[in-house]
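Ready to practise reading a protein model? Grab a pencil, open the viewer and work through the exercises below.

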Amino acid sequence: MKIRFNIYWKYVFVSGFAAVAFSCSNTKFLKEGQMLYVGGEVKIENDTISKKEKNELQSALEENLVPKPNSTLLGLRPRLYFYNIAKEPKKDKGFNYWLKYKAGEKPVLLGDVDREFNREIIENYSENKGYFNARATYDTVSKNKKAKVTYTLRPGSRYFISNVKFQQDSSLVNREIQSLTDKTLLKPGKPFDLDVIKDERERIDNGLKERGFYYFNPDNIIVQADSTVSKNHKVELNVKLKENTPDLATEQFSIDKVIVFPNYNIQDVKRGKYSVPMNTDSLSKYAYNDIYVIDPQHKFKPKIFDRALYFKKGDLYNRSNHNLTLNRLISLGVFKFVKNEFIVSDSLKHQFDAYYLLTPRQIQSLRLEALGRTNSANYAGSELNLNWTHRNFFRGAEQFKAAVYGAFDFQMGGQENAKNLFRAGSTVQLSIPRIVAPFRFNSSSAFVPRTNINLGFEFQNRTEYYTLNTFSASFGYLWKENVRKEHDLKLLDVTLVSPAKVTALYDSISANSDAMQRVVQKQLIFGPTYSYTYTNTMLSKPTTIYYKGTLDLAGNITGLVTGANVEKGKEKKIFGIPFSQYAKMENDFRLYHKFTEKTSLATRFIGGIAYPYGNSENIPFSKQFFSGGSNSIRAFRARTLGPGSFDPRTIKSGYYFDQSGDIKLELNAEYRANLYKFLNVAVFADAGNVWLINEDAQRPGAKFSKEFLSEIAVGAGIGLRLDFSILILRLDLAMPLRVPYYEKGDRWAFDRINFGDSSWRKDNLILNIAIGYPF
C-alpha cells in the first residue's frame, strides 16, 4: 500500500505541474490585447419545453458554433503549447516546421470569433426546429487572457403540425405523388422540423424515380407552412408541385434501346474515334436479346451483359434497376469504370436510350510479392508469391488466378529443437460470374453470384521430422443477398494429406503420443462446407456488428451410405485411406462501438465445436482448433495454449508440437485510440482456450468438462498500430494474467508479475508483430 500511495502522489504532482506549465506558457505568448478563445456555450431559457428537448437543442446548437477552440487533452492544450514554443521555420520542412504546424496548432483567439454570426446561426437553427420566435443574445467573459462566449437563447414555444395537405390536380405526376402519401414523414402532432421536410421531399423524389420520372428533382416540391390557420402554436403544411417545374420533370419515361460499349476509352473520345450510333439500322448487327453490344473485336460474350442489365426495351425507368445494373457491372470485376447515360430518343413517346460506357481493367496482371514475418512462437521467416490473374478467361468475365509460392520459417529462440519449416505450393482458381448448376438461379442482388473452382498443392517439410504433401480441391458458390449478407457454399471440399517422409527421430518422439502420430497419418477429408457472413461495419453508425458462422460436414453422406462405424470395427476406406467423418461448427461474432472519432471499443467472441463420429474417432489435425498467437490469446505463443489444463511443460523436450482441440471458446476486447495521425494505441484483454471432446490419457486435463471455466486463460497488454493507409503494422505486447495449467486455485498470475526480473520478462512478455487488426 505504501508503494502505491507514493506513486499516486507522484502522479498527481507531475500532472499538476504539467497542467500549470502548459496553461501558463500558452497565455504568455499572447500579444497585448489578445485573448485565447476557450469555447462557447449555449444557455436556454424556456420553461415550456421538456428537459430532453432542451438538452438536444443545446447540444446541436453548441455543435454549430464556430470556430472550435484549441483541442485539449485531459484539460491541457499540448498542441497549442508545441506551436508556441517552436520557432518560425525558414522552410516548409524540417523538425521546427513539423513541431509548429503538424504537431502544433495555431491559437484560436477571441478576435477569430464572429459572435453576431453565431447568434444568427442559433436563431435560424432554432426556427428550423419549430421555435419560430427564437431570440438570442451573447455575452463574453474573460479572465487571465482567456475568453469564453455565452449565448442565451429564448426560443419561446415550439410549433407542432396540425394538418398536412397534398394539393391535388389532374396531372400524371400529381396522381403518382398522391399514391405516395400513405408513407409520408409529415405527421400531425409532430414538431415542425425543416430537416424532416427535406427528407419528405427526398422520399417523394425517390418514389417518383421508381415510377419513370427520371428528370424529377426534390426541388420541384415545395412545402408551405401556415401558422395563422390554427391556434396554440400549431402549423398547417401544404405540399405541392412548384408552378415553374420543367415539363421534362413531369413526364414518365420508358426505355427505347439499350446500348453497351464494353471497350469505352475516354482517350478515344478525345481523339474523335468514338461516336454514338443513333439509328436502329446501324445497330442491328450488334443486337443480342433486345440489347446492343458494340464490340467489333468480340472481346466479351454478349450474354454477360444480358445477365447483368436490368433494363430491357419497353421497360418503365426506375432507379432501383438503374443502380442495380451499375452495381452488377462493377461486381463483374472486369471493368475499371462504369458510366451510364440516358439520351432522349422520342420526346413525344417519352422514351430514351440507355447507354452503358464500360472501361475495361487490365485483363491480365502478374504480381510478385516478397513478405517478411515473425510470430509469437519465436519463428521468423519470409515468403515469395508469384500471382497471375486473367479477368476475362473465356470472354465471359471469368477470373482465372494462378499462384506459386515458397516460404521458409526458422526458429529465433524459445523452445529448443523446434526445427525449421519450409513450404512450397501452387493454387489455381476459376471464378465464373454466374451459378453453374442444372437449375436456374435468379438473383436480384446488386452483386453477381459466382461459381468458384479451386485446386491446390502444398509441399511441407519440417526439418528432421517429416515431409507432407497436401492436395486440395473445391467446387461451390459464392453469392451476396446485399451489401450486408454473404453466403459461401462449397458443395465439395476435398483435402488429401499424404506423408512423403517421416524420420526415425519423429517416430521415436511420437511413439507415446497418438496426437503427434495423427499429424503424419494419411488423411482424406471431403464433404460440403457452408459459411454465412453478416456485417454492417461499412455503415457510419456508432455501434456495428460482424458475424460469420461456418458449418463443415465431412464424410456424412458417404458414412451413412456405407454404414461406417470405427467403434464397431466397420472402418471404411477410399483408395486405401480411411475417410474422415465429423461435424464442425464455428461462430465468430464481433461488436464495434465508436465513442468518438478517435476512440472505439472492439470485442469478439468465438465459439466452435468439432464432433467426430462414424468412421472417425478423432478430428483431423488440420481441422482442429488452435489458440494463442497474434490474432488469438496474445499473451500465449502461437498454438501453445491448451487443450484444457494440460501442462505443455510436461512434454518431453526435444521436439515442437502444436496444441489443438475440438472445442474452442475465446473472448477478446480492445480499446482503440488515435494518438496522432497514423499512430494509434490499444489496450486489450484476451480470454479463452481449446479442449478435446474425448479423453486423452497422454494429455491429462485436456477434455472439456464442467470445470471449463477454471481452465480459461487470460492475458492483457498494450499495443501500437502504425496506420499507413496501404497497410497497418501492429505491435502488441502482452502478458499472461491467468494460466490454466497452473494448480487449480493458483492460476491467477498477478503475484508472479516481476518486471524487474529478466527471466520473468523473457518467459511472460510476448511481443506480437503482425499486419492488420486482430479482429
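**Exercise 1. What is the strand order of the open sheet of 5 strands, and which are its edge strands?**

Step 1. Following the pairing across this open sheet of 5 strands gives S8-S9-S7-S11-S10, and the pairing is mixed. Helices (H or I, at least four residues) and strands (E, at least two) are DSSP runs, numbered from the N terminus. Two strands pair if DSSP finds at least two bridges between them.

Step 2. Look for strands that pair on one side only: these are S8 (287–288) and S10, the edge strands.

Step 3. Now zoom in on S8, which runs antiparallel to S9 (residues 291–293) and is joined to it by 2 bridges. In one of these places, alanine 287 has tyrosine 292 in S9 as its bridge partner.

A note before you go on: the model is predicted, so local features need pLDDT of at least 70 and side-chain atom pairs count only at pLDDT 80 or more, while totals for chains, interfaces and linings use all residues. Residues are numbered from 1 along each chain as its sequence is written, and side-chain values use heavy atoms, with hydrogens and water left out.

**Exercise 2. Describe the hairpin of S2 and S3.**

Step 1. Check the direction: S2 (residues 135–143) and S3 (residues 146–154) pair in the antiparallel sense over 9 bridges.

Step 2. Pick a bridge: threonine 140 has valine 149 in S3 as its partner.

Step 3. Inspect the turn: there are 2 residues between the strands, and asparagine 144 takes a positive phi near 55 degrees.

**Exercise 3. Check the length of H11 and explore its surroundings.**

Step 1. H11 has 13 residues, and the expected span is 1.5 Å times one less than the number of residues. That gives 18 Å, and the end C-alpha atoms are 18 Å apart, so the two agree.

Step 2. Look at the ends. At the N-terminal end, asparagine 318 is the cap, with a side-chain oxygen 3.2 Å from the backbone nitrogen of serine 320. Just after H11, glycine 333 has a positive phi of about 80 degrees.

Step 3. Find the buried residues (under 20% relative accessible area, with exposed over 50% and partly exposed in between; 1.4 Å probe, protein chains only). In H11 they are His322, Leu324, Thr325, Leu326, Arg328 and Leu329. Their cover includes H10, S10 and S11.

**Exercise 4. Is the ring pair of phenylalanine 305 and phenylalanine 335 stacked, tilted or edge-to-face?**

Step 1. Recall the rule: rings of Phe, Tyr and Trp (its six-membered ring) pair if their centres lie within 6.5 Å; planes under 30 degrees apart count as stacked, over 60 as edge-to-face and the rest as tilted. The whole structure holds 40 such aromatic pairs.

Step 2. For phenylalanine 305 and phenylalanine 335, the centres are 6.1 Å apart and the planes are at 35 degrees, so this pair is tilted.

Step 3. Place the partners: phenylalanine 305 is in H10 (residues 303–308) and phenylalanine 335 in S10 (residues 335–346), so the pair ties together parts 30 residues apart in sequence. Both phenylalanine 305 and phenylalanine 335 are buried.

Step 4. Try another pair: tyrosine 317 and phenylalanine 352 have centres 6.1 Å apart and planes at 85 degrees, so they are edge-to-face. Tyrosine 317 sits in the loop between H10 and H11 (319–331), while phenylalanine 352 is in S11 (residues 351–360), 35 residues away.

How values were computed: Contact = heavy atoms within 4.5 Å. Polar contact = N/O pair within 3.5 Å; in protein donor to acceptor, adjacent residues only side chain to side chain.
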